[in-house]
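Visitor: I'm new to this one, so please pick one small spot and take me through it up close. Then carry on from there, at an easy pace, to some other places worth a look.

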Amino acid sequence: MANDKPVLRSQDWFGRKDKLGFIHRSWMKAEGFPQSVFDGRPVIGICNSWSELTNCNAHLRQVAEAVKRGVWAAGGFPLEFPTISLGEPFMRPTTMMFRNLMAMDVEESIRANPIDGVVLLCGCDKTTPAQIMGAVSAELPSIVVPGGPMLKGRWKDQEIGSGTDVWRFDEERRAGRLTDAQFCDIESCMSRSAGHCMTMGTASTMTSLAEALGLTLTGCANIPAPDSRRYESAHRSGERIVEMVKENLTITKILTKKAIDNAIRVDMAIGGSTNAVIHLKAIAGRAGIDLPLSRFDEISRQIPMILNCSPSGKYLMEDVYYAGGVPAVMKEIVHLLDGDAITCTGKSIAENVADAEVHDRDVIRSLDNPIQATGGTVILHGNLCPNGAVLKTSAAEQHLLQHEGRAVVFENHTDMLDRIDDPDLDVDETCVLVMRNVGAIGGPGMPEVGNMPLPKKVLAKGVRDMLRISDARMSGTSYGAVVLHVAPEAAVGGPLAAVRNGDRIRLDTANRKLELLIDEHEMNKRLREWEEPEPAYDRGYGRLFLENVLQADEGCDFGFLKGKGSKAKLGLPF
Ligand code: FES
């Protein structure tokens with residue numbers, strides 16, 4: 001499997017006898033490294049998405065120290081380097097706009113430097129796919145070490161989960177059932193340790209899928225951030241990457257079609273974030289793997305959701321880890337996986353999870369007692385979304401999965417915020433809320449705003465869910481009957497642009513259909529009248545993004561970033 005003879009690329013920097021070798025070694029000696037580290041040992045880059053502006057990753061400098069210990073212990077030479085980082089709560093207009101920028105930074109930082117293998121330190125939502133995308137294109141041996149989820153939140157006698165309970169408490173406050181003082185009190189009780197969101201949001205989903213892909217050590221993904229085992233696992237990952245370099249076990253040998261299928265299966269079993277669809281598409285695109293959107297739906301029909309974790313279930317990530325974590329989930333469905341897929345451990349995924357055990361049967365269910373009989377995410381098609389849309393059925397009120405209602409249309413996010421609580425808005429709980437111009441181009445950046453708040457007057461009736469449709473994404477911590485990623489998006493003339501107030505819309509989840517109930521002639525007439533909006537940016541990275549981003553059904557990567565490797569020779573700097 002991993003038997004190609006390794007050629008240490010770092011030797012072209014540090015092993016030289018000429019002037020360049022002098023320069024490369026001399027400038028490293030400026031950091032206090034002795035001559036002995038240039039003896040041909042593997043140089044391990046530790047790609048750190050640490051930032052105080054990415055609170056979920058703010059402890060990754062400590063994690064990096066544990067990785068370094070492992071690298072030194074195994075006879076490697078660790079060198080930590082930063083890239084841009086992406087913190088969900090702060091970045092505007094949305095971190096999604098910068099995922100590809102981070103992936104470019106990761107790829108080029110790896111390729112341009114004297115590195116033989118790389119450890120990827122990630123956590124917050126986009127940092128995991130961005131690092132994997134960049135590493136796949138750079139094609140070196142790579143191992144992922146997530147920072148781990150935070151400890152559980154707790155307010156009075158209630159356990160509270162990141163994101164999910166923010167939306168819930170906000171609705172309670174808007175409905176007048178929670179005071180501002182209580183709302184503020186809860187704020188201090190939710191995020192009480194280092195780590196990423198501890199619901200099955202995008203961060204927990206993508207780190208769990210990194211393990212399912214075979215890119216982390218077994219059992220690494222779900223260890224809570226403050227747990228000492230997080231650092232032990234980081235240490236062992238440092239040891240393992242040195243061996244991977246010696247075995248020439250590159251990331252593209254692990255990231256095969258089988259691995260991608262396994263990740264989708266685990267995504268369905270854990271009720272993962274809808275964002276996983278976009279990120280896995282983008283990762284597969286980097287590896288040159290054809291991954292039609294229909295593959296998610298095929299697998300969704302085969303894999304029951306067995307993890308009882310918020311927002312689709314009851315528990316939080318700390319409970320998931322204590323119950324056995326990703327290895328125990330994979331063991332439950334191992335006969336449905338491609339068990340021979342090779343992983344960073346050098347063993348197959350089936351070998352990795354052979355000894356895994358479930359310690360709490362209410363958290364990780366058996367296949368004959370699932371949370372939901374099929375996977376948590378479905379792919380819809382129809383005249384409203386010819387290239388697809390995504391719905392997380394596990395997080396929706398089930399009666400809305402088969403629903404027909406009257407459209408209430410918002411032109412964009414601002415329009416929705418301005419009018420959603422207007423007492424004169426003609427809306428009731430049977431209506432379908434439609435928001436457009438919030439996709440990759442229209443957003444711009446496809447912000448996580450698809451889970452529109454319910455109108456106050458509907459909330460006041462005690463209603464907690466309505467059918468909502470948009471070309472946006474939503475946070476993995478969100479819930480509701482929310483159809484997302486409608487493709488093509490309205491801002492490029494997709495059918496969402498044709499919807500008018502009062503139109504009837506039908507969602508038929510059983511048949512994976514989303515239809516605007518107008519005839520084809522009327523649809524075409526409306527789309528001919530559509531006018532392209534002004535671009536949101538005319539310069540800089542924003543312009544690069546708008547000119548190159550692919551639609552949601554293609555993973556929102558840049559077209560020119562698909563694939564791996566580089567034809568360009570690494571020239572010499574002097
Ligand atoms: Fe970083 Fe949720 S805000 S993972």
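Guide: Let's start at serine 85, where a polar atom of the side chain sits 2.6 Å from the backbone oxygen of serine 49. Keep in mind as we go that this is a predicted model. The side chain of serine 85 has another partner too: a polar contact of 2.8 Å links it to the side chain of threonine 54. To find the spot, look in the loop that runs between β2 (77–82) and α4 (96–112), since that loop is where serine 85 is found. Although it belongs to a loop, serine 85 counts as buried, because its relative accessible area is 14% and the cut-off for buried is under 20%. What surrounds it? Leaving aside neighbours within four places in sequence, serine 85 touches Ser49, Trp50, Ser51, Thr54, Asn57, Met91, Met102 and Thr127. So both polar partners, serine 49 and threonine 54, turn up again in that list of contacts.

From that loop, let's move to a helix. Isoleucine 260 belongs to α11, which covers residues 257–270. With a relative accessible area of 1%, isoleucine 260 is buried. Its contacts beyond four places in sequence are Leu213, Leu255, Leu280, Ile283, Ala284, Ile289 and Leu291. If you'd like a sense of distance, glycine 195 is 65 residues away from isoleucine 260 in sequence, and their C-alpha atoms are 26 Å apart in space.

Isoleucine 260 has company in being covered: of the 14 residues of α11, 12 are buried. Among them are Ala259, Ile264, Val266, Met268 and Ile270, along with charged residues such as Asp261, Arg265 and Asp267. From its first C-alpha to its last, α11 spans 20 Å, close to the 20 Å expected at 1.5 Å a residue. Right after α11 comes glycine 271, with a positive phi near 65°.

Now for the strands. Eight of them make an open sheet with mixed pairing, in the order β7-β8-β12-β11-β10-β9-β13-β14. At the edges are β7 (377–380) and β14 (513–516); each has a single partner strand, so one side of each has no neighbour in the sheet. On average, and ignoring direction, neighbouring strands here are turned by 25° against each other.

Zoom in on the β14 end of that order. Strand β13 (residues 504–508) pairs with β14 in the antiparallel sense, over 4 bridges. Leucine 507 stands opposite leucine 514 of β14 in this pairing. The two strands form a hairpin with 4 residues between them, and in the turn arginine 512 has a positive phi of about 55°. Follow β14 along and the side chains alternate: Leu514 and Leu516 point to one face and are buried, whereas Lys513 and Glu515 point to the other and are not.

Further into the sheet, β11 (residues 467–470) and β12 (residues 482–484) run parallel, joined by 2 bridges. Here arginine 468 stands opposite valine 482 in β12.

The stretch between those two strands brings us to charged pairs. Glutamate 448 and arginine 473 meet through their side chains in a salt bridge, at 3.1 Å from N to O. Glutamate 448 is in the loop between β10 (432–435) and α18 (456–459), while arginine 473 is in the loop between β11 and β12, so the pair ties together parts 25 residues apart in sequence. Arginine 473 counts as buried, at 0% relative accessibility.

Other salt bridges stay inside one helix. In α3 (residues 60–73), lysine 68 and glutamate 65 are 3 residues apart, about one turn of the helix. Their side chains form a salt bridge of 3.2 Å, N to O. Lysine 68 is buried, at 17% relative accessible area, while glutamate 65 is partly exposed, at 38%.

For another such pair, go to α20 (residues 540–548). Glutamate 547 and arginine 543 form a salt bridge there, with their closest N and O atoms 2.8 Å apart. Glutamate 547 is exposed, at 54% relative accessible area, and arginine 543 is partly exposed, at 40%. Elsewhere, salt bridges with shared partners join Glu107, Glu108, Arg111, Arg286 and Asp557 into one network. Overall, the count of salt bridges in this model comes to 47.

Conventions
Residues numbered from 1 in each chain as written. Predicted model: local features only at pLDDT ≥ 70, side-chain atom pairs only at ≥ 80, totals over all residues. Heavy atoms only, no water. Pairing = 2+ DSSP bridges. Axes fitted to C-alpha atoms, helices over the stretch in contact; angles between N-to-C directions. Buried < 20%, exposed > 50% of the residue type's maximum accessible area, 1.4 Å probe, protein only. Contact = heavy atoms within 4.5 Å. Expected span 1.5 Å × (residues − 1). Salt bridge = Lys/Arg side-chain N within 4 Å of Asp/Glu carboxyl O. Polar contact = N/O pair within 3.5 Å; in protein donor to acceptor, adjacent residues only side chain to side chain.
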